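User: I am new to this structure and would like to learn how to read it. Please take me through it step by step.

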Amino acid sequence: MDRNTDLIVIGAGPAGLSAACAARACGLEVTLIDEQAAPGGQLFRNIETPMAQAILDPKDRETGLALVNRFRSCGATYYPCATVWGLEPHKVSCTINGKAESFSASYIVIAPGGMERPVPFPGWTLPGVMGAGGADILLRSGGTLSAERGTPVVLAGNGPLLILLACHLLNAGVNIAAWLDTGTWGRRLQSGALMPAGILDAAYLGKGLGMACRILKNRVPIIRGVTGIRAEGTDHVEKVLYEAGGKTHEIATRTLLRHEGIIPRTHILNSLGARHAWDTVQRYWYPVTDEFGHTSVDSVYIAGDGTYVHGGDASLLKGTLAGIEIARRLGVISNDEAHYRCAPALRALRRTRIARGFLRYAFAPNPAIFDLPDDTLVCRCECVTAGDIRKAVAEGFLDVNEVKRVTRCGMGQCQGRMCGPALAELTAAAQAKSPAAVGTLQVRQPFRPVTLENYCDLNIPK
Amino acid sequence: MQNTATPTVHITLDGKPLEVPAGISVAAAVLGHAHAEHTCKHPVDGSARAPYCLMGVCFECLMEINGEPNVQSCLVTVQEGMTVRRQLSGESA
Ligand code: FES
C-alpha cells in the first residue's frame, strides 16, 4: 500500500500530537504513525488509562488528556503499533501488523522525543540495573520494581527528572536507600548565575522542582560527589559500590536506577545525514533547525525534545509551530495567517527557552561520569569494553566510525543507541579532544530490525 | 496495588499463567508484574540480561512472543492469550 498525503508525523508524544492537530486545524491531510499502541508518547504514556493517570500530577494529566482527546477528534489518520524502519525525504517505510507499508507525503515531521543519556558503568548489564526512565514506565504500567514491597532502591545520577522520579517512587511507597549524586548542580544552584531567567518560568521551577525538593528533603539520604559507581552480583545486582569523600562505600540493593539527563533521539535524522550541532554544556548532538523545526533536509521537520531537550510543555509548542509552518509552505494558509497563528506559540517558546537556559547549566552532566575503568562493558550488544575502545584509539583509529569498525562497538542490534555517547566521549578523551571532533556514528537504514520479506516488499521492484 | 477499575488480560510467561493490566507492554508485564529476574541470556557473552530502557532503545528486552523470537517486548502491548517466553538458551537468530 502506498498512500500520498500532505504531512506524515512520526511519533505520538506531545510534539507529534500537537503537530498533527495544528496541521489539521489549517486543513492539511495528516497521517500519524507511532510505535506505541496508544497516543501519549513517553510523557503521557497510557494516559487514557486510570492506572497511568494516577501517577501524573493533576495539571499534566489535564494537559495530556486534552491533547490526546484533541488528537483523537482532529481527523488525522492514525497508525499505532507501527515500526518505522526507513525514511527518505518524502517517504516513510514501516511495518504494521507484520505487513510492510509505505507512506509518502509533501512534508514529514519527526517527533522522536528524548531518551535517557546512556552512561555505562561496571555491572550496568546486570538485571536489576535500569534507567530511571524505564523504572518510571514500570510504575506507570501498574507494576512495581521488585516482588516484595519495601525492598530498598538506590538512585544514581543527576538531572531534574531523577528528582521527579524519586517523588513518584516515594508516592508509590518505595524505600529509597540512597541517592548517589554524580552532578555538580548543588554549587551551581547556590551561585544562582542564571536564576533571574529561571524566575520567568516560575511555574515550572516553583511547582515542579521546588515541590519535589521539599518532598525529598529528609526522606532520601543524598550522597554528594559520587564517582566510581559499580554494580556487583551474580545474574542480578546484589550491591552497589561507589566512591565518595576519598573512600569506597557499599550498599546492598536489588535495584539500581541510573539517570544522567535526557538527550535528543537523533537516530532517524542521522540516517538521513541531517546536520547536527554539539552542545558543549549538555554534551549531546542536536539537529540544526530554525524556530519551526526545519532540518537541513528540505522536506523534513523535527519537533519536541528531539530538537533539543526543553521539556514537554515546549514540545507542545514546537509541534504546533511545525504544523502551522508546513501549512504555510504548502500554500494552504497565507503568510499573514501563519504569522498570526504562530505568534502565541513563538512567544511562549522563546520565553521557555530563556528560562530553561538555567537548567542547561544547573544539570549539566559531569564529564567525569565517562571516566570508566577499562573493564566496563560499553557496548551491551557486542560486549565491547572501554579498554577495547582506548586500545583502538592508541592504534590510530581516531574517528568513532573507525573505532566502531575495529571494535564492533555500536554494530549490534541497538545500532549504537546505547553506546554511541560513551563511545564518542571515550574516543575523544583518549585523544584529549572534544566529542564534537571525533565524528558521529553513521546510521544505516533500516534503523530498526525488519524482516527480509518486509524489506524486499518495499525495496525490490516487482 | 492493581486498580480494580483497570481491565486485565491473561498471558502466559514460560507456560505459567499471568494476569496483567491491559494496555501495558510485554516487558513491563514480565518485569513489573511477574518480576522475572532476567529475560534473556545474552547471545554474545551468555550473561543474564533484563530490559533497561523500556522505550525501544536498548534491545535488552528481546523475548519470544507468540512463537516469534527476538521481539522487542517493550514495544509490544499485551494481548489476551499471548504466549511469552524468555530467551534463556543464549541462541539468537
Ligand atoms: S527495554 Fe530497551 S528496547 Fe525494550
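Analyst: The dialogue below treats chain B, its contact with chain A, and some parts of chain A. The model is predicted: local features need pLDDT of at least 70 and side-chain atom pairs count only at pLDDT 80 or more, whereas totals for chains, interfaces and linings use all residues. Residues are numbered from 1 along each chain as its sequence is written, chains are lettered from A and ligands numbered from 1 in the order in which they are written, and side-chain values use heavy atoms, with hydrogens and water left out.

User: How many helices and strands are there in chain B?

Analyst: Helices (H or I, at least four residues) and strands (E, at least two) are DSSP runs, numbered from the N terminus. Chain B has one helix and seven strands, and their order from the N terminus is β-β-α-β-β-β-β-β. The radius of gyration, taken over C-alpha atoms, is compared with a globule rule of 2.2 Å times the number of residues to the power 0.38. For chain B the radius of gyration is 13 Å, close to the 12 Å that the rule gives for 93 residues, so the chain is as compact as a globular protein of that length. The C-alpha trace of chain B spans about 45 × 25 × 20 Å along its principal axes.

User: Which residues of helix 1 of chain B are buried?

Analyst: Buried means under 20% relative accessible area, exposed over 50%, and partly exposed in between (1.4 Å probe, protein chains only). Of the 93 residues of chain B, 53% count as buried. In helix 1 of chain B the buried residues are Val26(B), Ala27(B), Ala28(B), Ala29(B), Val30(B), Leu31(B), Gly32(B) and His33(B). Eight of the eight residues of this helix are buried, so it is largely enclosed by the rest of the structure.

User: Against what do the buried residues of helix 1 of chain B pack?

Analyst: Contact means heavy atoms within 4.5 Å. The partners of these buried residues include strand 8 (129-131) and helix 4 (132-140) of chain A, as well as strand 1 (8-13) and strand 2 (16-21) of chain B. Just after helix 1 of chain B, His35(B) has a positive phi of about 55 degrees.

User: How many residues does the contact take from each chain?

Analyst: The contact takes 35 residues from chain B and 42 residues from chain A. Buried area is the accessible area (1.4 Å probe) that two parts lose on being put together, summed over both. Between chain B and chain A it is about 3300 Å², and carbon and sulfur atoms give 60% of this. On the side of chain B, Tyr52(B), Met55(B) and Phe59(B) lose the most area to chain A, together 23% of what that side buries.

User: How many salt bridges are there between chain B and chain A?

Analyst: A salt bridge is a side-chain nitrogen of Lys or Arg within 4 Å of a carboxyl oxygen of Asp or Glu. The count between chain B and chain A is three. One of the salt bridges joins Arg380(A) and Glu60(B), with the closest N and O atoms 2.6 Å apart.

User: Is Thr266(A) buried or exposed?

Analyst: Thr266(A) is buried, with a relative accessible area of 15%. Thr266(A) is found in the loop between strand 16 (262-264) and helix 9 (267-271) of chain A. Apart from neighbours within four places in sequence, Thr266(A) is in contact with His276(A), Trp285(A) and Pro287(A).
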